[in-house]
Amino acid sequence: MSDDKKKGAAAAQQMTAPMTPPGLINKEDIPQVLPILPLRNSVFFPGGVLPLAVGRQKTIALIKDAVRDDQVIGVVTQRKAEEEDPGATDLYSMGTVARIVKLLKMGEDNYSLVVQGLARFRVVDLVQEAPYLKARVEAVEDKTAAENVEVEALGINLKKLAREVIELMPELPAAATELVESITHPGHLADLIAANVDVPIEEKQAVLETVDLKARMKLVLELLNRKREILKLSNKIDSAVKGEMSKTQREYYLRQQLKAIKEELGEMGEEEEELDELAERIKKAGLPPEVEKVANKELNRLKTIPAASSEYTVARTYLDWIADLPWNKLSDDNLDIDNARKQLDNDHYGIEKVKKRVIEYLAVRKLKNDMRGPILCLAGPPGVGKTSLGQSIAKALGRKFVRLALGGVRDEAEIRGHRRTYVGALPGRFIQNMKKAGTRNPLMLLDEVDKLGADFRGDPSAALLEVLDPEQNHTFSDHYLDVAFDLSKVMFIATANRLEPIPAPLRDRMEIIEMSSYTFLEKTAIARTHLIPKQLKEHGITADNMDLTPDGLDKIISGYAIEPGVRTLERRIAEVTRSVAVEVASGRTEKQVIDAKRVAELLGPKAMELNVALRTSQCGVSTGLYYTQLGFGDILFVEATKMTGKGSMMLTGQLGDMMKESATTAHSWLRANAERMGLTYANFEKSDVHIHFPDGATPKDGPSAGIAITTALTSLFTGIPARSDTAMTGEITLRGVVGKIGGVREKVMGAHRAGIKRIILCESNQKDLIDVPEEVRKELEFFFVTKIDEVLELALEKSPWRAAPPPAEEPKAEIRA
């Protein structure tokens, strides 16, 4: 209720302000109801004299009535100075009875008055709020007699302490000491000192509300003692600073004074305003203590650097980065497991391993709030949805998604940043992406982690070791920031086509989840669920305009999109959709049915041909299995022929060393076991053998073609054709033992696409069939062997043995399982 701004607030608090002894009014002369004048930013004591400036209507009405009726008023301090219209709860319960001793009209609706404090009173309750406050009050008197010996001793200590404080404050006049010495009433002395000591309003009010004289004097003695110690320390610091002030400190001191002067004149420069704004941003950033210490030190240094200096820009940019990073901002995870499962199923078909791992993380995160973010690596061929899966997981978790492309990165500074000594230095990509995310727990996709390079600038994969180590990344140190940043809440998902190029220490820090190529049925489901609706929407047509029939879609998948993923499939569907869009745009409104025949018309001749098993109908040709580094499997023909010569062997087809060794091993085994097949050494000594692997433009390597080469050579020399419906894969030893190989899922899928019906595998690979989709396993017949003798019995159209072969276990078959 007060615009009761203190006129000359400093003057009102001076030690020299006249202060008459309390008790100028008798208890019975204090009215039971007093008009209340709320006071802001000050506490008014009995015996004090206070000048006030008022301007609001309620206060003016109160003053006019009080002057007209020559009545006393009650002055009570507000609890909150900003409250413009205080009520009962906004005022303290104890105030001072005051008399208006002087009133001047300074202008329209603006008065200046001087009030004198008379006695304490306690507010019982408010009885009026308009046109101004009135309250029922009761007078309050000191409880301890002034003649008490302890009170007298406290008064002596107060005067002594007050003299010391006055001596420590040279700005006070010498008359202040005389004023203190002249006061004889203990209560008046305590009130005078409390009114003028520089302490918070709450503590002054506590003095006013302390009725017991001894307790009040002890409280004031405590406040005054604290003030003395502060002044002593301040003077000590001031002396030390003055004694050690260097030229730079002197300049800083003068700049601060100049800044204060400019603020008073309203001439604050643009640079000063920017620095103040920067300081406020740093304050609100929620920095860890050690980072805040570094930032404040850099900010203080920045204030001493001329704005035209290049060093100013470097320091300013650094502080901008510090202020903009999400040091303590965390987004709330969506821990609804059913919602996450639904989101992942809607966005991606299949890939159950990845979905299972994400649901597991969510479940543990729901039970344990401080869980660190997992570090996953999705490894698989191109186009199987690794990158889009990262976006889907972020959406399911309710986290921000940021993608960090690592393909082709060769500079370690891309990960850790450049030191600030370099021109144009910036933080590394991780810190940049954290700023972009705006939270400390985004989902960060490390795309193509297997494509990292290394050169004279360092090895980025080595720098990633700290980032992807859960025991270290909570204190990740970027060279530019040079302070620790917590990455432990980030959920890292790396993607890779191959695991071999990833260094072993880095691979060890990630949880590998392999994503294999899609089956024919999976591609069909993905096309129906995701790709076709997406292309219809992107080309501005609807399902009413185009109907891609099942046989049409099968034609696209089998003839134009033979790949592990679905990127080519999506491009072919887009090509068909564009053709329909042309028709619709030309005015043709009826639904166009896209069947297999129409697909051939729109897309032309088949872009891809599958290897057909019928090519193996002649002697010397067997069917092996292979898979590429990108995770694509297919059948591989091994062709062998012989001609008159000297027993040499020639290999062609761009083969690696392991494959050449497998061919040599197979040839040696066949010669060692020739008699059992009715062959003589003359068959080998007078014949040169040429083994060829078609598709010579593609490099080939690995030991898994061993049994296929052995079968082709056996077929060549015995004249028994290999079965056209059978493919095989496995390593061969000189003892005729069949060894296990890798890539079983991809090879089986490739054989299934090529029309193979029977597959021969090493017995040790039987467990790997669990990764093969059930619908594929049902259409194939598997045989698991340990010896090459079993392979030849199964792979050739009839047994090659003229003599009884060595005893061996019966081949184990999984019939359409």
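Let me start with leucine 168 and what it touches: Arg228, Leu231, Lys232 and Asn235, leaving out residues up to four places away in sequence. Contact here means heavy atoms within 4.5 Å. Leucine 168 sits in helix α3, residues 149-168. Helices are DSSP runs of H or I with at least four residues, strands are runs of E with at least two, and both are numbered from the N terminus. Along the chain, leucine 168 and arginine 228 are 60 residues apart, and their C-alpha atoms are 7.8 Å apart in space. Leucine 168 counts as partly exposed because its relative accessibility is 22%. The cut-offs are under 20% relative accessible area for buried, over 50% for exposed, and partly exposed in between, with a 1.4 Å probe and protein chains only.

A word on the source. This is a predicted model, in which local features need pLDDT of at least 70 and side-chain atom pairs count only at pLDDT 80 or more, while totals for chains, interfaces and linings use all residues. Residues are numbered from 1 along each chain as its sequence is written, and side-chain values use heavy atoms, with hydrogens and water left out.

Now the whole chain. The protein chain has 28 helices and 26 strands. Of its 817 residues, 48% are buried. Taking contacts between residues at least 6 apart in sequence, 75% join residues at least 24 apart. The chain exposes about 39,400 Å², and carbon and sulfur atoms supply 50% of that. Those areas come from the Shrake-Rupley method with a 1.4 Å probe; for residues, only the protein chains shown count as cover.

Next, helix α2, residues 57-69. Its 13 residues reach 18 Å from first C-alpha to last, close to the 18 Å expected at 1.5 Å a residue. The expected span is 1.5 Å times one less than the number of residues. Which residues of α2 are buried? They are Thr59, Ile60, Leu62, Ile63, Asp65 and Ala66. An α-helix has 3.6 residues a turn, so residues three or four places apart point the same way. The cover over the buried residues of α2 includes five strands: β2 (33-39), β3 (49-54), β4 (73-77), β5 (94-107) and β6 (110-128). Just after α2 comes aspartate 70, with a positive phi of about 50 degrees.

Two helix pairs follow. The axes of α10 (residues 289-303) and α11 (residues 310-324) come within 10 Å and cross at roughly 150 degrees. That makes α10 roughly antiparallel to α11. Axes are lines fitted to C-alpha atoms, for helices over the stretch in contact, with angles from 0 to 180 degrees between N-to-C directions. Angles under 35 degrees count as roughly parallel, over 145 as roughly antiparallel, 65 to 115 as roughly perpendicular, and the rest as oblique. The crossing of α10 and α11 is left-handed. By convention, a crossing is left-handed if the near helix is turned anticlockwise from the far one by less than a right angle, and right-handed if clockwise. On the α10 side, the residues that meet α11 include Val291, Val294, Ala295 and Leu302; among their counterparts in α11 are Tyr312, Ala315, Leu319 and Ile322.

In the second pair, the axes of α12 (residues 337-347) and α13 (residues 352-367) come within 10 Å and cross at roughly 160 degrees. So α12 is roughly antiparallel to α13. Here the crossing is right-handed. Ile337, Ala340, Arg341, Leu344 and Asp345 in α12 meet Lys355, Val358, Ile359, Leu362 and Ala363 in α13.

Leucine 362, in α13, deserves its own entry. Is it buried or exposed? Leucine 362 counts as buried because its relative accessibility is 0%. Beyond its neighbours within four places in sequence, leucine 362 contacts Asn334, Leu335, Asp336, Ile337, Ala340 and Leu397. The C-alpha atoms of leucine 362 and aspartate 336 are separated by 8.1 Å, with their positions 26 residues apart along the chain.

Last, backbone geometry. Most residues other than glycine have a negative phi, and most peptide bonds are trans. A cis peptide bond joins alanine 130 and proline 131, with omega about 5 degrees. Proline 131 lies in the loop between β6 and β7 (134-140). Aspartate 482, in the loop between β11 (476-477) and β12 (484-485), has a positive phi of about 60 degrees. Aspartate 482 is exposed, at 51% relative accessible area. Glutamine 654 has a positive phi of about 55 degrees and is found in the loop between β19 (649-652) and α23 (657-672). Glutamine 654 is partly exposed, at 43%.
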